[in-house]
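Here is a short report for someone meeting this structure for the first time. It moves from one chain to its parts and then to the contact between chains.

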Amino acid sequence: MSRNSDENYGALWLLTPTVLLYVATFFVPIIMLGVLSFARFEMSVTTIGFYFDNYIKIFSDGITLKIFFQTVRLSLVITFWCLILGYPVALMMRSCSPKMKMVLLFCVVSPLLTSIIVRNVAWLLILGRSGIINDTLIQWGLTSKPLPLMYNEFGVILAVVHVYLSFMVLPLFGALNSINSSIEEAASSLGAPSWRVFLSITLPLSLPGIMAGCTLVFILSMGVYLTPVIMGGNFVLTLPMLITESVREQYDWPFASAMALMLLLAIGFMVILSSGVQKLVGRR
Amino acid sequence: MNKPIDKKMKLNRRTVIKSALGAGAVFSTPYFFVKANAASDPKVLNMYNFDGSLGEFYTKHWYDPFIDKFDIKMNHIKLKGSRVPLEKVQAQIAAGKPETDVMPMHQDQVIFAERNNLAMEVDASAIPEFANYYDQGVTKYGPKMVVWCYGLAYNTELVKPAPTSWKVLWDPEYAGRVAVNEGLKDQTLQMVNLAFKGSPYPVDAETFKHLSNLRPSLVSLWSSGADAEQLFRNGEIVMTPFWNGRVTKLRAEGLPLKFATPEEGFFVRSSVYGIPRGAANPDMAHEWLNWVIGAGPQKKMVEYGYGTFNKNVEHTPEEAANVIVADPEVMKYAISEDFNQILDNGKDWTDMWNKWKSS
């Protein structure tokens with residue numbers, strides 16, 4: 001056996017703890033979910049077997065599928081706004097001084113350093129009926145009664161974008177930073193206006209970062225739970241809320257398992273789609 | 001020349017990994033040992049505790065004095081919200097290791113526990129305090145405690161005159177200033193039926209028609225008592241169906257709130273404190289149940305704002321007004337709930353509820 005293959009085996013051995021961890025905390029639960037999703041739940045009692053009741057219910061109860069697509073739509077909207085708001089921030093981080101870069105990085109990451117409850121209560125103070133925005137608008141005479149800024153989809157999107165922005169900005173910043181600035185300088189020196197340089201060079205070369213950021217934010221948004229509960233006043237329903245409700249209130253593990261697998265499949269599909277697009281972009 | 005260095009490096013790498021794994025094992029073994037033994041130690045009681053002020057009450061009046069008196073240790077397992085995660089306990093019982101020795105169950109949860117054989121029958125001879133308990137408070141799975149009422153909480157400065165009917169929630173004057181409970185949606189649905197049909201059942205399309213009429217007025221569908229408290233504190237709402245104990249607590253904070261028992265009827269519930277099957281310390285759990293249903297700890301609960309089944313607990317006029325259940329005149333309006341129906345129709349009601357929400 002060659003020395004290289006010896007080292008490869010050594011490296012594989014180093015992977016063992018990680019593999020064991022994944023098997024115990026990911027693959028085994030997934031298999032259990034799969035088994036449970038085919039079980040039957042009747043009169044509060046679960047019977048293990050091979051029944052398709054839960055999958056049939058997903059497609060026929062007229063609500064689960066609707067909420068699934070609602071979750072996909074909400075995730076797409078959140079991803080869109082993260083991209084729109086995150087791209088300029090990443091661009092600025094690329095061109096500013098190291099000190100300013102640190103300040104911007106801190107601002108972007110700061111929501112992740114705060115507890116979700118504290119963060120949402122802070123939003124309450126800003127967006128609530130007697131919050132800063134509504135008070136100011138009423139005092140300035142711009143509105144006679146408080147605007148509904150939370151306990152609706154707007155509130156949910158705002159609060160989720162606030163947190164997930166960092167997951168968009170960081171990959172974008174990495175991609176933008178890896179662009180050789182001499183290419184842009186060459187284009188400028190040949191007379192290309194700055195918007196042309198951006199559209200022809202910066203934007204296409206940052207596509208891997210855009211794809212990575214969008215995939216990450218979309219996946220995270222598909223699993224968002226607590227923020228819609230608090231900021232949506234329970235009016236904005238997502239699939240994770242339905243799964244939680246099924247387990248916590250109905251004790252219906254089989255149906256919750258089927259919904260969880262559906263969510264997992266959707267996320268898996270999104271990852272495959274995203275890597276396909278990245279490959280396509282890479283070839284071009 | 002390179003080989004000895006390479007060998008040395010390999011040796012170092014291996015040594016480092018081995019040392020790290022060895023150290024990890026050495027340091028983690030006592031932890032797992034202690035954890036494994038804590039569950040079966042007869043001197044350690046594993047107890048669920050709620051978050052917020054009710055959790056503080058439990059610690060101060062129901063847990064710490066017992067620890068001192070019986071010289072034991074207690075593990076507190078914090079709960080989010082007001083329901084024990086019975087689905088989790090069920091999985092733990094199946095695995096042979098429930099994390100708790102006592103579990104407070106809502107009455108629909110008692111039926112679920114019975115059907116799935118999750119709770120053990122208590123040994124009444126080990127709970128002599130049952131002799132001082134009203135019969136309604138004694139079940140084969142344990143005593144009922146924390147008697148709470150579900151009526152209408154309202155801001156006395158902004159809701160005038162004082163409400164006497166659930167229908168006031170639909171009053172256009174309070175549009176955009178009211179909320180209902182999503183956490184115990186069965187009570188919300190029964191409340192709508194009481195308001196318009198005079199009976200809590202059946203939950204049907206007509207129920208949701210009335211809810212749809214209420215929807216433009218709703219600020220939020222709150223999911224825990226803490227959420228509703230916050231809505232009152234921030235001035236988001238002036239009225240919501242709520243629990244009497246929470247109102248007592250908010251009044252103590254200085255909020256101008258009162259609890260009304262609507263003329264169509266209101267709800268009275270309590271929790272059964274049971275012992276999960278396979279609990280590590282059933283003897284100590286019996287000991288605690290016997291101690292906690294005694295007049296002393298139960299009087300503390302009355303002072304906090306919830307009722308008791310202990311015959312020997314005296315109420316001051318203010319306490320009687322707060323706990324509601326001590327006033328026979330008011331209790332005439334209490335309605336009896338069908339918890340079998342609530343449990344068995346829960347899935348259908350939830351589907352209808354979600355359809356209504358996403359419509």
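A residue is called buried when its relative accessible area is under 20%, exposed when that area is over 50%, and partly exposed in between (1.4 Å probe, protein chains only). T188(B) has 1% relative accessibility, so T188(B) counts as buried.

This is a predicted model, in which local features need pLDDT of at least 70, side-chain atom pairs count only at pLDDT 80 or more, and totals for chains, interfaces and linings use all residues. Residues are numbered from 1 along each chain as its sequence is written, chains are lettered from A and ligands numbered from 1 in the order in which they are written, and side-chain values use heavy atoms, with hydrogens and water left out.

**Chain B overall**

Chain B has 359 residues, and 52% of them count as buried. Its secondary structure comes to 13 helices and twelve strands. Both kinds of element are DSSP runs numbered from the N terminus: helices are H or I with at least four residues, strands are E with at least two. The accessible surface of chain B is about 16,100 Å², and carbon and sulfur atoms hold 55% of it. Such areas come from the Shrake-Rupley method with a 1.4 Å probe; for residues, only the protein chains shown count as cover.

A contact means heavy atoms within 4.5 Å. Among contacts in chain B with a separation of 6 or more, 73% join residues 24 or more positions apart. T188(B) sits in helix α5 (residues 185-197) of chain B. Leaving aside neighbours within four places in sequence, T188(B) touches Y150(B), V180(B), N181(B), L211(B) and W353(B).

**Helix α4 of chain B**

How many of the nine residues of helix α4 (residues 107-115) of chain B are buried? Seven are, so the helix is largely enclosed by the rest of the structure. The buried ones are Q107(B), D108(B), Q109(B), V110(B), I111(B), F112(B) and A113(B). Just after α4(B), N117(B) takes a positive phi of about 55°.

**Salt bridges**

A salt bridge is a side-chain nitrogen of Lys or Arg within 4 Å of a carboxyl oxygen of Asp or Glu. The structure holds 22 over all chains. Some of them are listed here.

| Pair | Closest N to O |
|---|---|
| D108(B) and R83(B) | 3.0 Å |
| E114(B) and K140(B) | 3.1 Å |
| R233(B) and E253(B) | 2.8 Å |
| D344(B) and R115(B) | 2.6 Å |
| K185(B) and E245(A) | 3.1 Å |

Take the D108(B) and R83(B) salt bridge, at 3.0 Å. D108(B) is in helix α4 of chain B, while R83(B) is in the loop between β2 (73-78) and α3 (86-94) of chain B, 25 residues apart. Both D108(B) and R83(B) are buried.

E114(B) forms a salt bridge with K140(B). E114(B) lies in helix α4 of chain B and K140(B) in the loop between β5 (138-139) and β6 (142-155) of chain B, so this pair ties together parts that are 26 residues apart in sequence. E114(B) is partly exposed at 38% relative accessibility. K140(B) is partly exposed at 43%.

R233(B) forms a salt bridge with E253(B). R233(B) is in helix α7 (residues 225-233) of chain B, and E253(B) is in the loop between α8 (244-252) and β10 (257-260) of chain B, 20 residues apart. Salt bridges that share partners join E229(B), R233(B), R246(B), K249(B) and E253(B) into one network.

**Two domains in chain B**

The domain assignment gives chain B domain 1 (44-134 + 273-322) and domain 2 (148-268 + 336-357). Such bounds come from an automatic or database assignment. The centres of the two domains, taken over C-alpha atoms, are 27 Å apart. Twelve residues of domain 1 are in contact with 14 residues of domain 2.

Buried area is the accessible area (1.4 Å probe) that two parts lose on being put together, summed over both. Between these domains it is about 1,300 Å², and carbon and sulfur atoms give 58%. In domain 1 of chain B, R115(B), Y306(B) and N322(B) lose the most area to domain 2, together 37% of what that side buries. The rule finds one salt bridge across this interface.

**Chain B against chain A**

The contact takes 41 residues from chain B and 34 residues from chain A. The area buried between the chains is about 3,400 Å², with 50% from carbon and sulfur atoms. Four salt bridges are counted between chain B and chain A.
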